[in-house]
Each structure stands twice: as structure tokens, then as C-alpha cells.
Amino acid sequence: MTTSTAHRALAAFAALTASTGICANVDDRDWCVTYTDHFELVSDLPRERALELVVQLDRFRSAASALLPGRAREAAPPIKVIAFKRARDFATVFNSTHVAGFTRPSLDQSLLASGPDPSGEHLNRNTFHEYVHYLVRSRATLNLPIWYEEGFASYLSTLSIDPAGVVTVGRIPYAYLRGVLLLPGLSIPDVIGERFRLDPRRHDLSEVYGLAWAIVRFLHHAEDDNGERYASRLGDMLAAIDDGLSSEEAMESSLGLDVEGLKRRLRNYYDKDQLPVFQFRTETRDRMAFRRDCLDAVETRQQLAEVAAFHHPRFAVELYESILAGNPDQVDALVGLSRVVSGSRASELARKAYRVDPTHPAAIVRMAETEVLGCQSGSADCGDALANAIGLYTEALTSDRHRVAAAYGLGILSLYVERPVDALEYLRAAYARAPWSPQIHYYLGEAYGRSGEPKQAVPHLRKTAFWHPDESWRQKARQMLARLGEDPPADRVNRPRSAP
């Protein structure tokens, strides 16, 4: 090592070890990445435990596929899974004690984060639960209400596979689910009234997940008075919800279950000491190809910052700034920090990243995004900015990892510059990756409408009107439907009855 190299290394080390306390030594663990065909596992678990988790995830993927609707869509980059050995480290990185995991879909690379329960248990089950969300989003053509999706994820998370390849699904923690059903303050109408998200400020999430699990397990296994399984009509119920009905309305019209009837049947159903499970056989493989790389201090902070940015931006900022203190030209940190901060600093960081490496795909995409930020505020020459952004996005189409995100950006910009036919081509690519996204549906509907295909536009705009979590977007979709001569659907989103 040369003297100058040694000085740089010492400076980087000093910058990395200087902490304000928020990092809480999470980055001091031994972090490694295990790469397989379907997963990119970032974890501080011991080597054998990490490899075991990857193998179990792969077996779960194979078995769960038989229980999921639809089929897998366009191949996406391997999902990034970050698994924490310690529950307190998960809470530190994501600034949350309410959940032990989450999934964040993305056009580039989706993220799954999980940790054990505070007791240190159930890492596999928490990871499987979150992975179900990813699998559902990658296959389903229907948008699912959050109560059903969470309940289904809990239901499948108990899936087990024995050495002979026999899969068992539907095992029940009887005491837990029976206890949840008896809680006086937990309302079935409130839970099935949740369409988009579960709010920890309004609900005890453990109780809500438990009730959702109990309802979904019942719907998949139980029979009505005529001996017909509710599961045979479950698809009709979910399709009706996807098409705008409230969960209560769809459950009654498709299954013949009103809220009082559901409450009564749930208690009777779970009063039994043993309930049947589903079993089937699947193929398993004993060996799988993998590569495992362990991370240095900078790489560890980069990984943690990327996954923390959405839920704990202050933590991500500290990590990114510590990286840049040691190397001001680190492109990934410049790009990442530009996404966490706002205003002129975000643009300056993106421009610097692009100057340092104009061939870096993430820097190209981020530069394209910041080019048009001024247009939205009216402070830039949008003619030049739009042309520059279009050129950058077009360049990024050659990147396997960022191709779909670039196509989405080009689709939106093509609408701005009055090229709706081009917009259709690009937005279809984004739709193929994320058919559940109500925002992609909105722009696709707009592109069809402006291309003279209003009939094609209507179902996409209806998806936005029913499924965008932001009411302002739902309103925009209804207005566009009205302009196309369609009666705009009412905003029939359930409102929790106990909500303020």
C-alpha cells in the first residue's frame, strides 16, 4: 500500500467510524451478500444460517407458486432481501417497532426487509410473509384489499415442506387466533374496510393481522351451509372488490356472508380443536448455485442506506454523508443521497454523480429525473429540460437493471411532448413489470385516451379511480373518465367505522 493510499484509507476509516449515535453499531456487524438466481440476500446472519434462509426461501417460492393466482410476469431482477439477525437492528434502520418486515415493490429491484420478532424468533416466517406480498404483486392481475393480502401472507407464511417434498399449508396458532376473535375492541367491519394500508396509529397491527389471518384462513378452508367451499367463489369476491365494490358488499354478494354472519361463523369455526390442512407434493432441490461476497465498511453503509431511505431518511442521510466524507466522488452514494434530500441540493448531487461517471446507469436515470424537476415548479426551460431528460432516459434503456424505470419515465415525458403513441410503447413495458400499480394505470389510460382509443383507456383509469391510495389521484382518474364520456365511478372506498 502506498503512503497516499494508506492516508486515504485512514481518512475513510475515520469518517466511517465517526458517528452521532443514530447508527447504533448496526454497520459494525459482519454483513455479506448471497446471490442466487432469484434472491440477493444482504444479511449479518452467520454464513450457514444465511445459506439456510436462502434455500428455504427458494423452496418456499417453488411450493407457494402452486397456491398463487395467475402466472409470473416478465422476469425481474432478483429481489433484494435484507435479513437482520437482531430485532433491535431492524428497528434502528427502519425507525419502527410496529412491524418486523415490509416489502417495497420497484420497477428496478424490489426490496424485502425482515427481522426476527423481539423475542429473536420467527425470522423465516416473517421473511416468508413479506415474500408472499412480492409473489402476489408479480403474478396477480387483481388489486387486493390490504386486509386480504396481509391475511393471505400470514396464511401462507406457515407453509412447510418436509424432506420428501410434502407441502403443508394452513397450520393455525389456535390460541392466538381465538384470542384475537374475542377482543372486544377489534371490529371485523373496520378490518375488512381497510383497502390500501394498515395504520399503526389507528390499529394494533398484531391484532389486525391476526384477524385478517383468521378471516382468510376461514375463506380458503371453510364450507357454507350447503357444503360448498367458500374458496370456490373467492375469486368472484376478489374480482368484485377489484372492480370497485367494498369488501362488505362483495363478501355478501359473492359468498352470501354479511358481517354478523361472518363473525358468528368465525367463532364457531375456530372453536374446533383441530382443523384440516392442505397437503400436496412439490419438487425440491438439495443444491443450488450461489455466490457469497462479504462487504467492507463502505459497502455495508451503502446497502443499509439504500434500504433505509424510504422508512428512515435521516438514518440514510447520515450513512450517505459518512461515505461521501471519505470519498466525495462515490457515485452510488451521490445518487442515493440525491433521492433522500430535496430541492437544489438533490439536483446538485445528481449532477455531480453524472459528471463523475456519465456512463453509470443509476446516475443517468437520476439525472433525467432531476432535469424535469424544475418544469414542475415552472422555474426551468422545459423545452431543453425535457429534451435532455428524454435523451438520458433513452440511454438508460440499455441497462438491464434500470430499463423498465427508464421506459416509465419516457412514457410520462412522451405524454408531455404530445407523443401518446410513443408513450403507449414505453408505458406498456412498465405495466408488464407492475400491472398492480394504479399510477402506471393512470398514465396508460391517458396515453390510450390521447391516442384515440378511449375503450382501452377506461379499464386503466377505473383501476386508478378504485385503487390509488391518494384521493387526489382517484379524483384525477374520475375526471379523465368523465372527459372520455364515461360516468365516473363513485369513490366507494371503505372508511373504518371507528376512524376519527
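The exercises below, each with a worked solution, concern a predicted model.

**Exercise 1. The sheet**

Determine the order of the strands in the open sheet, and state which strands stand at its edges.

Solution.
- Step 1. The open sheet is formed by 6 strands, and their order is β4-β5-β3-β2-β1-β9. Its pairing is mixed.
- Step 2. The edges are taken by β4 (101-104) and β9 (291-294). Each has a single partner strand, so one side of each is left without a neighbour in the sheet.
- Step 3. On average, neighbouring strands of this sheet are turned by 15 degrees against each other, with direction ignored.

**Exercise 2. One strand pair and a helix across the sheet**

Describe how β1 is joined to β9, and find the strands that helix α12 lies across.

Solution.
- Step 1. In general, strands of a sheet pair through backbone hydrogen bonds, either parallel or antiparallel.
- Step 2. Strand β1 (residues 32-35) and β9 run antiparallel and are joined by 4 bridges.
- Step 3. Val33 is found opposite Asp293 in β9.
- Step 4. Helix α12 (residues 297-308) lies across β1, β2 (39-43), β3 (79-83), β4, β5 (111-114) and β9. The helix runs at about 105 degrees to β3.

**Exercise 3. Aromatic pairs**

Describe the ring pair of Phe94 and Phe102, then the pair of Tyr443 and Trp473.

Solution.
- Step 1. A pair of aromatic rings is described by the distance of the centres and the angle of the planes.
- Step 2. The count of aromatic pairs is 21. One of them joins Phe94 and Phe102, at 4.8 Å centre to centre and with 85 degrees between the planes. This pair is edge-to-face.
- Step 3. Phe94 is buried because its relative accessible area is 3%, under the 20% cut-off. Phe102, at 10%, is also buried.
- Step 4. Tyr443 and Trp473 form an edge-to-face pair as well, with 5.9 Å between centres and 75 degrees between the planes. Tyr443 lies in helix α21 (residues 438-450) and Trp473 in helix α23 (residues 471-483), 30 residues apart. Both residues are buried.
- Step 5. Phe94 and Phe102 also belong to a cluster that ring pairs build with Trp31, Phe84 and Phe90.

**Exercise 4. Charges over rings**

Give the distance from the ring centre for Arg137 over Trp436 and for Arg195 over Trp467.

Solution.
- Step 1. The charged end of Arg137 is 4.8 Å from the centre of the Trp436 ring.
- Step 2. Arg195 lies over the face of Trp467, and the distance to the ring centre is 3.9 Å.

**Exercise 5. A residue in helix α15**

Decide whether Ser347 is buried or exposed, and name the residues it touches.

Solution.
- Step 1. Ser347 is part of helix α15 (residues 343-356).
- Step 2. The relative accessible area of Ser347 is 17%, so Ser347 is buried.
- Step 3. Leaving out residues up to four places away in sequence, Ser347 touches Thr370 and Leu373.

Terms used: Residues numbered from 1 in each chain as written. Predicted model: local features only at pLDDT ≥ 70, side-chain atom pairs only at ≥ 80, totals over all residues. Heavy atoms only, no water. Helix = DSSP H or I, 4+ residues; strand = E, 2+ residues; numbered from the N terminus. Buried < 20%, exposed > 50% of the residue type's maximum accessible area, 1.4 Å probe, protein only. Contact = heavy atoms within 4.5 Å. Pairing = 2+ DSSP bridges. Axes fitted to C-alpha atoms, helices over the stretch in contact; angles between N-to-C directions. Phe/Tyr/Trp six-rings, centres within 6.5 Å; stacked < 30°, edge-to-face > 60°. Lys NZ or Arg CZ within 6 Å of the ring centre and 35° of its normal.
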